[in-house]
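Work through the exercises below with the sequence and the 3D view at hand. Each task is followed by a solution in steps.

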Amino acid sequence: MRSIGANLLKFQQLGLLLIILVLGVTLTLKAGTHIDPQSGHLINNFFNVDTFVQIATDTSTFAIMAIGMTMVIISGGIDLSVGSTYALCGVLTGLLLRSMTNSAPFQLVLVAIGVCCGIGLICGMLNGIMVAKLGVHPFIITLGTMWIFRGIAAVTTEAQSVGYPDAVINTAKATLGLKAGLYPVPTIVMVVITILGALYLQRTTMGRRVFAVGGNIQAARYAGLPISAILCGVYVLSGLVAGVAAFMGSGYYGSASSNDANGYELYVVASAVVGGASLSGGRGTALGAFLGSLLIVMIRQAMRTLNVNTNYEWIVIGTAIIVAVVLDRAGGRLQDRQVRMLN
């Protein structure tokens, strides 16, 4: 049965990769060209290094949070507060950094990383404890904390933007030897988080327990698994990666506000679901979350490149979510039918 599920996941990820490639080829053919003013060479409006780096940078925020969201969804839950956690991490860190006027650059960077991740952990822990102990559906718990966290961010900043010091901005926008205007740090962080997420889910005991709880929580309880600790753990990880994304995003753009990442929870859930995470729990991968995020960003890029009304973006992404869920249900029924045949 495990091999059947693994094959279905691989097929879904392969299909997703093919869709991304087809979309990329279509954009390359339809985007047109322009003359590079510096080199004088003819440049494709889509197939060029600048566009690829920008797509990777835009993908990084969604992908980092989608990996944490995927873990939550695998456990059978959902976290609607990730966007608000991002905003709260960003503004509180910015306020603290504003008061550290005489600190060395490396101290500012370390504080920014530590505070963003720490606040994300606290937010995730609050979600996890309430989900595990109160017996209320995660949708309701995280819907409430979504408003609470963003409200705290708005009250503490009086809805004003908070600037970040140059040391943090230069870290997030380091070129690492590339030409000016290309900033690979967010992409590198995204790749590292994806690898760590894949290793956690596939190679650790805690990761396998998340699948067990999401697949059948009663069976996991009878097997003696620490259900509360597992559920709390996935929300803590979701909050942590939201803090990482907040550091990268706020540092990259140079400021934070209470309105940051507003609506991002929808993109993050969409990325996880399109990437193969089952809303019924028990199935999902970090690689799928990354590919789902990449597809969402490429859809947004396609709207801009092809000069399509950006309002259609919501229609396309909504359709993609529905199709992904339908395919997930169809795959589940196929898997059940194959298992019955084997038995």
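**Exercise 1.** In which hand of crossing does H11 pass H12?

Solution. The model is a predicted one.
- Step 1. Locate the helices: H11 covers residues 264-274 and H12 covers residues 286-305.
- Step 2. Take the geometry of the pair. The axes lie 7 Å apart, at an angle of about 120°.
- Step 3. Classify the angle. H11 and H12 are therefore oblique to each other.
- Step 4. Read the hand: the crossing of H11 past H12 is right-handed.
- Step 5. List the residues that meet. H11 brings Tyr 267, Ala 270, Ser 271 and Val 274, and H12 brings Gly 288, Ala 289, Gly 292, Ser 293, Leu 295, Ile 296 and Arg 300.
- Step 6. Sort them by class: the contact of H11 with H12 has six nonpolar, four polar and one charged residues.

**Exercise 2.** Describe how H2 packs against H11, and name the residues in H2 that meet H11.

Solution.
- Step 1. Helix H2 spans residues 49-74, and its axis comes within 8 Å of the axis of H11.
- Step 2. The two axes cross at roughly 65°. That makes H2 roughly perpendicular to H11.
- Step 3. H2 passes H11 in a crossing that is right-handed.
- Step 4. On the H2 side the residues are Thr 61, Phe 62, Met 65, Ala 66, Met 69, Thr 70 and Ile 73. On the H11 side they are Tyr 264, Tyr 267, Val 268, Val 269, Ser 271 and Ala 272.
- Step 5. By class, this contact of H2 with H11 holds 10 nonpolar, three polar and no charged residues.
- Step 6. Compare the lists with Exercise 1: Tyr 267 and Ser 271 of H11 meet H2, and Tyr 267 and Ser 271 also meet H12.

**Exercise 3.** Are H7 and H10 roughly parallel or roughly antiparallel to each other?

Solution.
- Step 1. H10 runs over residues 227-253, and its axis is 11 Å from that of H7.
- Step 2. The angle of packing is about 170°. An angle over 145 degrees counts as roughly antiparallel, and H7 and H10 are therefore roughly antiparallel.
- Step 3. Val 185, Pro 186, Val 189, Ile 193 and Tyr 200 in H7 meet Leu 237, Val 241, Val 244, Met 248 and Tyr 252 in H10.
- Step 4. The class count for the contact of H7 with H10 is 10 nonpolar, no polar and no charged.

**Exercise 4.** Which residues does Thr 142 touch, leaving out those up to four places away in sequence?

Solution.
- Step 1. Thr 142 belongs to helix H5, residues 138-157.
- Step 2. Thr 142 counts as buried because its relative accessibility is 0%.
- Step 3. The residues touched are Ile 78, Asp 79, Leu 80, Ser 81, Asn 127 and Tyr 235.
- Step 4. For Leu 80 there is a distance to add: its backbone nitrogen lies 3.1 Å from a polar atom of the Thr 142 side chain.

**Exercise 5.** Place Ser 84, Thr 194 and Ala 324 in their helices and state whether each is buried or exposed.

Solution.
- Step 1. Ser 84 is in helix H3, residues 82-99. With 0% relative accessibility, Ser 84 is buried. Beyond its sequence neighbours up to four places away, Ser 84 touches Met 146, Phe 149 and Arg 150.
- Step 2. Thr 194 is in helix H7, residues 185-203. Its relative accessible area is 12%, so Thr 194 is buried. Apart from neighbours within four places in sequence, Thr 194 contacts Ile 67, Ala 286, Leu 287 and Phe 290.
- Step 3. Ala 324 is in helix H13, residues 312-342. At 9% relative accessibility, Ala 324 is buried. Setting aside neighbours within four places in sequence, Ala 324 is in contact with Val 273 and Val 274.

**Exercise 6.** What is the sign of phi in Glu 158, and where does Glu 158 lie?

Solution.
- Step 1. Recall the background: most residues other than glycine have a negative phi.
- Step 2. Glu 158 is not a glycine, yet its phi is positive, about 55°.
- Step 3. Glu 158 lies in the loop between H5 and strand S3 (162-163). Glu 158 is exposed, as its relative accessible area is 63%.
- Step 4. Leu 176 also has a positive phi, near 55°. Leu 176 is found in the loop between helix H6 (166-172) and H7, and is exposed at a relative accessible area of 55%.

Technical notes
Residues numbered from 1 in each chain as written. Predicted model: local features only at pLDDT ≥ 70, side-chain atom pairs only at ≥ 80, totals over all residues. Heavy atoms only, no water. Helix = DSSP H or I, 4+ residues; strand = E, 2+ residues; numbered from the N terminus. Buried < 20%, exposed > 50% of the residue type's maximum accessible area, 1.4 Å probe, protein only. Contact = heavy atoms within 4.5 Å. Polar contact = N/O pair within 3.5 Å; in protein donor to acceptor, adjacent residues only side chain to side chain. Axes fitted to C-alpha atoms, helices over the stretch in contact; angles between N-to-C directions. Parallel < 35°, antiparallel > 145°, perpendicular 65-115°, else oblique. Left-handed = near helix turned anticlockwise from the far one by under 90°. Nonpolar A, V, L, I, M, F, W, Y, C, P; charged D, E, K, R; others polar.
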